[in-house]
Amino acid sequence: PESPQQNPQGAPAPAAPPAPHLAPAEVQIPGRAEALHQANQRLAEQLELERHSAQAVNLQIAHVNDQNNFLTRELEALKAQTSQMLSHGWHSVTGPAPPAPAQQPRPHPVAVSYTHLRAHETPEHLVCRLLLEKKNQ
């Protein structure tokens, strides 16, 4: 057993009050350390999933950008090709434009028979002819 310390006058020194014992929070609340550790793990897993999701989105964006660049180059090439074809007289993809019909003077009217005219009669001509015949009667 320890003897109490004595002060220089020989009287025993009063005992120091016991220091308050402050335990860490993990010990103060049972299970808190485990709960914090699990929450930290969940956050780390969520962060990792979000990082992988962001990487996947970035890869998709890069792929779409590559496709867009390819299609833009193809469109520009087609525009240039179309412009070149049009400048060389092509009017469609089937071939060059047909030559413009030569403007020739019309020949003098040729007399034809009434039967010939009736053979080429259109419904509109028929209506006009019948109205004229009715008017002349």
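Visitor: Is Arg 129 buried or exposed?

Guide: In this predicted model, the relative accessible area is the quantity to consult, and a residue counts as buried when that area is under 20%. Arg 129 has a relative accessibility of 17%, and therefore counts as buried.

Visitor: Which residue meets Arg 129 in a salt bridge at 2.6 Å, N to O?

Guide: A salt bridge requires a side-chain nitrogen of Lys or Arg within 4 Å of a carboxyl oxygen of Asp or Glu. The partner is partly exposed, at 25% relative accessibility. The side chain that meets Arg 129 at 2.6 Å, N to O, is that of Glu 121.

Visitor: Which residues are joined into one network by salt bridges that share partners?

Guide: Glu 133, which is partly exposed with a relative accessible area of 32%, lies four residues from Arg 129 in helix H4 (residues 123-136), about one turn of the helix. Glu 133 also forms a salt bridge with Arg 129, the closest N and O atoms being 3.0 Å apart. Salt bridges that share partners thus join into one network Glu 121, Arg 129 and Glu 133.

Visitor: How far apart are the closest N and O atoms in the salt bridge of Lys 79 with Glu 76?

Guide: Both residues lie in helix H2 (residues 32-87), where Lys 79 and Glu 76 are three residues apart, about one turn of the helix. Lys 79 is partly exposed at 48% relative accessible area, and Glu 76 is partly exposed at 42%. Because the cut-off is within 4 Å, the pair counts as a salt bridge, its closest N and O atoms being apart by 3.9 Å.

Definitions and conventions:
Residues numbered from 1 in each chain as written. Predicted model: local features only at pLDDT ≥ 70, side-chain atom pairs only at ≥ 80, totals over all residues. Heavy atoms only, no water. Helix = DSSP H or I, 4+ residues; strand = E, 2+ residues; numbered from the N terminus. Buried < 20%, exposed > 50% of the residue type's maximum accessible area, 1.4 Å probe, protein only.
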